[in-house]
Amino acid sequence: MQLGMIGLGRMGGNIVRRLLRGGHSCVVFDTNAASVAQLAQDGATGSQDMAHLVAQMPAPRAVWVMLPAGPITEATVNQLGELLQPGDTIIDGGNSNYQDDVRRAQAMATKGIRYIDVGTSGGVWGLERGYCMMIGGDKVAFDHLEPLFKTLAPGIGTIEKTPGREHRQSTAEHGYLYTGPAGSGHFVKMVHNGIEYGLMQAYGEGLDILKGVSQEAIPAERRYDLDLADITELWRRGSVVSSWLLDLSAISLAEDPELKSYSGYVEDSGEGRWTIQAAIEEAVPADVLTAALYTRFRSRKEHTFAEKVLSAMRKQFGGHQEPGKK
C-alpha cells in the first residue's frame with residue numbers, strides 16, 4: 001500500500017523506514033529538506049511541500065501526520081483538508097488531545113475526508129521492535145489501511161499467549177487495535193502515558209532509596225553499597241517488577257552508573273495532565289498518576305537521583321534530551 005507521511009522526526013522517519021522494509025511505498029514531506037533527502041535515499045518519494053505530496057499520490061490517499069501536538073498539527077490537518085478529496089484519509093499519529101480528534105473528525109467528515117487518530121507507542125526503538133498502536137476513528141478507513149498497521153506493529157513475536165484469550169478474535173496480540181470512534185485511540189494512549197508516568201516514578205523512587213542506603217546518616221551496620229546496574233539487571237530476570245522501562249533503566253545504569261550526565265530535569269508531554277483532567281471529569285481517584293505528574297513539575301526546581309532515573313528512561317525510549325546538568 002501507499003502512505004504519505006508529513007513529519008520525519010524521531011518516529012515519523014522510522015515509521016516510513018519500517019513500511020518500506022515491509023514492501024509498502026511512501027511519499028514524504030518535512031520542512032527539513034535534509035530529512036526528505038535521507039528518506040528518498042532509503043526508497044521513499046520526496047516532496048517539496050504538502051501540495052506536491054498530495055499531487056504525487058493516486059486516490060484514495062492516506063496521509064499520516066507525525067508532528068508535535070498543538071498548533072502545528074492543527075494547521076497541517078486543516079491544510080490537508082483543503083488539499084485532499086472525498087474518500088481520502090488523514091491519520092494523526094502524534095500525541096494529540098483526543099478532544100481535538102473529535103472536532104477534527106467532524107470537520108473533515110463534512111468534506112467527505114476520513115479521519116483516524118493513532119496513539120503510537122514505541123519511540124526510537126520502533127523501527128526494529130515495531131509500534132504499539134491504539135487506533136480510533138473511521139472504521140472503513142481502518143479496515144482499508146489495516147495492512148499498514150499490521151506492518152508497523154510488533155506482531156505476536158515470542159510473547160506467550162495470555163491464558164483465557166483462546167476464543168477472543170482480536171488484533172491486540174499483534175500490537176495494534178481498533179478502539180472505536182474518533183478520539184478513542186488517543187484517549188487510550190493518553191491514559192497509557194499517564195500510567196507510564198506512575199511506573200517511571202515508582203522505579204525512580206525505588207532506585208533512589210537503594211542508592212540512599214549508603215549515606216553516612218544510616219547506621220554502619222545497615223549501610224550498604226549497592227550496585228544499581230546489577231540490581232536492575234537482576235530484576236529483569238524473572239522478577240515481578242520486570243518491564244521494558246526496567247530494561248531501559250538497566251541500559252542507562254550500565255552506561256552511566258551514577259547518571260552523572262543527567263540533570264534530573266524531567267519534562268512532560270502533556271498527556272499526563274490530560275489523564276488527570278479525565279480522571280477529575282470521571283471522578284476517578286488517580287493518586288499515583290497525579291503525584292507522578294507533580295513530581296515532574298518539582299523536578300524543574302530541584303533534582304534527585306530518582307528524577308535522573310526518569311530522565312534516563314525518557315532518553316532511552318523516546319530520544320528525549322532533557323536540559324543538561326548545570
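# A briefing on sheet, cores and rings

At 30% relative accessibility, tryptophan 125 counts as partly exposed. That residue is a good way into this predicted model, where the structure holds 7 aromatic pairs. Beyond the rings, you can look for an open sheet of 8 strands and for a nonpolar core of 30 residues, the largest in the structure. The points below take these topics one by one.

**Ring pairs**

- Tryptophan 125 pairs with tryptophan 244 in an edge-to-face arrangement, with 6.2 Å from centre to centre and 85° between the planes.
- This pair joins distant parts of the chain, because tryptophan 125 belongs to the loop between β6 and α6 (126-129) while tryptophan 244 belongs to helix α10 (residues 244-255), 119 residues apart.
- Tryptophan 244 has a relative accessible area of 24%, so it is partly exposed.
- Phenylalanine 142 and tyrosine 176 make a tilted pair, 6.5 Å centre to centre with 45° between the planes.
- Here too, distant parts of the chain are linked: phenylalanine 142 sits in helix α7 and tyrosine 176 in strand β8, 34 residues apart.
- Are phenylalanine 142 and tyrosine 176 buried or exposed? Both of them are buried.
- Ring pairs also build a cluster out of Trp64, Phe142, Phe149, Tyr176 and Tyr178.

**Charges over rings**

- Tyrosine 178, one of the rings in that cluster, has lysine 139 lying over its face, 5.6 Å from the ring centre.
- Tyrosine 197 has the charged end of arginine 296 over its ring, at 3.7 Å from the centre.

**The sheet**

- Reading across the open sheet, the strand order is β3-β2-β1-β4-β5-β6-β7-β8, and the pairing is mixed.
- Why do β3 (45-46) and β8 (176-180) each have one side without a neighbour in the sheet? They stand at the edges, and each has a single partner strand, so one side of each is left free of a neighbour in the sheet.
- Helix α1 (residues 12-21) packs on the sheet and touches β1 (2-6), β2 (25-29) and β4 (62-65); the direction of helix α1 makes about 160° with that of β2.
- β1 and β2 pair in the parallel sense over 5 bridges, and leucine 3 has cysteine 26 in β2 as its bridge partner.
- Of the 5 residues of β1, 4 are buried, so this strand is largely enclosed by the rest of the structure.
- β4 and β5 are also joined in the parallel sense, over 4 bridges; alanine 62 has threonine 89 in β5 as its bridge partner.
- Strand β5 (residues 89-92) is covered on both faces, with Thr89 and Ile91 buried on one side and Ile90 and Asp92 buried on the other.
- For an antiparallel example, look at strand β6 (residues 114-121) and strand β7 (residues 132-137), which pair over 6 bridges. Valine 118 has isoleucine 135 in β7 as its bridge partner.

**Nonpolar cores**

- Within the largest nonpolar core, of 30 residues, those with the most contacts inside it are Met5, Val16, Val28, Trp64, Met133 and Phe149.
- Two or more residues of this core come from each of β1, α1, β2, α2 (33-41), β4, β6, β7 and α7 (139-152).
- Which element gives the largest share of this core? That is α7, with 6 residues.
- Phenylalanine 149 touches Trp64, Val118, Met133, Ile135, Phe142 and Tyr176, leaving aside residues up to four places away in sequence.
- There is also a second, separate core of 19 residues, which includes Tyr203, Leu207, Leu228 and Leu310.

**Backbone details in the loops**

- Alanine 59 and proline 60 are joined by a cis peptide bond, with omega about -5°.
- Alanine 59 lies in the loop between α3 (50-55) and β4, and proline 60 is found in that loop as well.
- Not counting residues up to four places away in sequence, alanine 59 touches Gln85 and Asp88.
- Alanine 59 and leucine 234 are 53 Å apart in space, C-alpha to C-alpha, and 175 residues apart in sequence.
- Leucine 259, in the loop between α10 and α11 (271-282), has a phi near 50°, which is a positive value in a residue other than glycine. Leucine 259 counts as buried, at 1% relative accessibility.
- Alanine 283, in the loop between α11 and α12 (287-299), has a positive phi too, near 55°. Its relative accessible area is 65%, so alanine 283 is exposed.

Key: Residues numbered from 1 in each chain as written. Predicted model: local features only at pLDDT ≥ 70, side-chain atom pairs only at ≥ 80, totals over all residues. Heavy atoms only, no water. Pairing = 2+ DSSP bridges. Contact = heavy atoms within 4.5 Å. Axes fitted to C-alpha atoms, helices over the stretch in contact; angles between N-to-C directions. Core = buried A, V, L, I, M, F, W, Y, C linked by side-chain atoms within 4.5 Å. Buried < 20%, exposed > 50% of the residue type's maximum accessible area, 1.4 Å probe, protein only. Phe/Tyr/Trp six-rings, centres within 6.5 Å; stacked < 30°, edge-to-face > 60°. Lys NZ or Arg CZ within 6 Å of the ring centre and 35° of its normal.
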